[in-house]
Amino acid sequence: MNSREFVSQEKSLELKHARITKLNHNKFVSKQNCCDKVIASKREIIMKLGSIATGEDFYDRKTECADLWRYLKNEHIVASGPRRLGKTSIINRLREEAIADGLLAELVDVQGIEGAQAFIDEIARHFPDASVTGYLGSLGKTAKSWLSAVKKIDFKGPGGLGGGIELQASASQNWIKSAVALQARLNEAPVLIFIDEFSVFLQKLLLSNQKEAEALLAWLRAWRVAPGLACRFIFTGSIGLNALLEKYGLSAQFNDCYEYPIGPFKLSAARDMIKDFALREQFLVDDTSANYLCERVGWLSPYYVCLLLDQTMQAARDRMDETPAPLAPSQKNLNTDDVDSGYERLLSARSRFKHWEQRLNRDLEGVDLAFAKLILKALAKNAIGLTQSQLKSRLAKLEQDPDLRAARLQTILNKLQDEGYICVPDTTGRVKFLSFLLRDYWSRNHA
Ligand SMILES: Nc1ncnc2c1ncn2[C@@H]1O[C@H](COP(=O)(O)OP(=O)(O)OP(=O)(O)O)[C@@H](O)[C@H]1O
Ligand SMILES: [Mg+2]
């Protein structure tokens, strides 16, 4: 299976789940509608369980959005974070905010794109000439103040293209013509170009045509560092861009960007989100149950919090259905037993987690793959994690030379950290699974 097929299979699994959840939800809605018409109109918006969170189902992330706006004034940004952390939702929120302020911003998803020409075409398609000229012709107040904040520009002519990009690519690379034209068109426009899943795109290009990938990176860098540039880029990626660039000796090609790691939800935000989303389904959640749900998720990725909340509500509905009518509670509460039942339901949906295994098999081979599997197996059995020297001794049978073993362990740990399997070592040097759900899944299926 190639990486494109893999990505689309991964997405289609997510969509399948989202559809099933929606179906269950719809069944529940129609059942409830019979007895409670008053609340029916509220039922449409609950929370997202796979697709990007927008509008009312986008929760919190206020600090991240404010940070990103602040940094964007002076920098281009690489915003990284493991799978399903809400990266696309955040940059989509920035796009919505930008548009509301009269700025021209587009989210360009390059995950399914192959080759430099298609990459340029995709950006160009999102910024058609008419909309860029129209925008430049009638810059609103916010766009003007944004423009003056991002650069001191004398707005007279198109100016030269920065970095001598013509030198960066050989004449045989036809895409460079489109690249130069795109750069000339967007160079002085205060547009926001949010490139989603750049690292996935780049990984494929590096594998299929390393020279082209290098030339594209060089051109992008030259564009970003060109003097007087008004546009701003955010690149996101769910596979670690740094590790990828390092592997190919290309780290310098992105050292001009500000690195902004996206983290999990804070406990208070996750708790508020649980209460809020549950209330949209007329469920009350007290602090104890909300805290307990967060505890069970571990690392507070909003995706896993929402998934567990959804399963918890389903468990609570089943519990209430099974309770004989005279004893049925008048109020709908979620309790910690519902959270435990929801957790079990979630873990039994193997396809939710399968892609974590498939990704390892796709990206690693030989001893590296064996190392990764053994490390995860060992960590799955240890809730408090293991130190690197404990891991090293467990890996002795795979690599006897201690220096080679230590080096390989470091490489694999970096990869597993970058992609959200495990956390960075804590103060005692221990590493462990980030998601308790994933840890328990691994422990049931691999350990
Ligand atoms: N701010 C948020 N508020 C509520 N739910 C969120 C938020 N961000 C993410 N989610 C949840 O996480 C899911 C995935 O979000 P999103 O697609 O933005 O993540 P991602 O990091 O881009 O994922 P991927 O790595 O697969 O591209 C959403 O369907 C939703 O359940
Ligand atoms: Mg995404």
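Val78 stands opposite Glu259 of strand E5 in this predicted model. Strand E1, spanning residues 77-80, runs parallel to E5 and is joined to E5 by 4 bridges. Both strands belong to an open sheet of 5 strands. The points below treat this sheet, a helix that crosses part of it, and the surroundings of ligand 1.

**Sheet**

- The strand order of the open sheet is E2-E3-E4-E1-E5, and the pairing is parallel.
- The edges are formed by strand E2 (105-109) and strand E5 (258-261); each has a single partner strand, so one side of each lacks a neighbour in the sheet.
- On average, neighbouring strands of this sheet are turned by 20° against each other, with direction ignored.

**Helix across the sheet**

- Helix H9, made up of residues 198-208, lies across two strands, E3 (192-196) and E4 (232-237).
- The helix runs at about 75° to E4.

**Surroundings of ligand 1**

- The shell around ligand 1 holds 22 residues, of which Tyr59, Gly86, Thr88, Ser89 and Tyr303 come nearest.
- By class, the residues of this shell comprise 9 nonpolar, 6 polar and 7 charged.
- At least two residues of the shell are supplied by helix H3 (87-100), and at least two by helix H14 (302-322).
- Domain 1 (3-56 + 265-348) and domain 2 (61-261) each contribute at least three residues to the shell around ligand 1.

Technical notes:
Residues are numbered from 1 along each chain as its sequence is written. Chains are lettered from A and ligands numbered from 1 in the order in which they are written. This is a predicted model: local features need pLDDT of at least 70, side-chain atom pairs count only at pLDDT 80 or more; totals for chains, interfaces and linings use all residues. Two strands pair if DSSP finds at least two bridges between them. Axes are lines fitted to C-alpha atoms, for helices over the stretch in contact, and angles run from 0 to 180 degrees between N-to-C directions. Two residues are in contact if their C-beta atoms, placed from the backbone, lie within 7 Å. A residue is near a molecule or strand if its C-beta atom, placed from the backbone, lies within 6 Å of it. Ala, Val, Leu, Ile, Met, Phe, Trp, Tyr, Cys and Pro count as nonpolar, Asp, Glu, Lys and Arg as charged, and the others, Gly among them, as polar. Domain bounds come from an automatic or database domain assignment.
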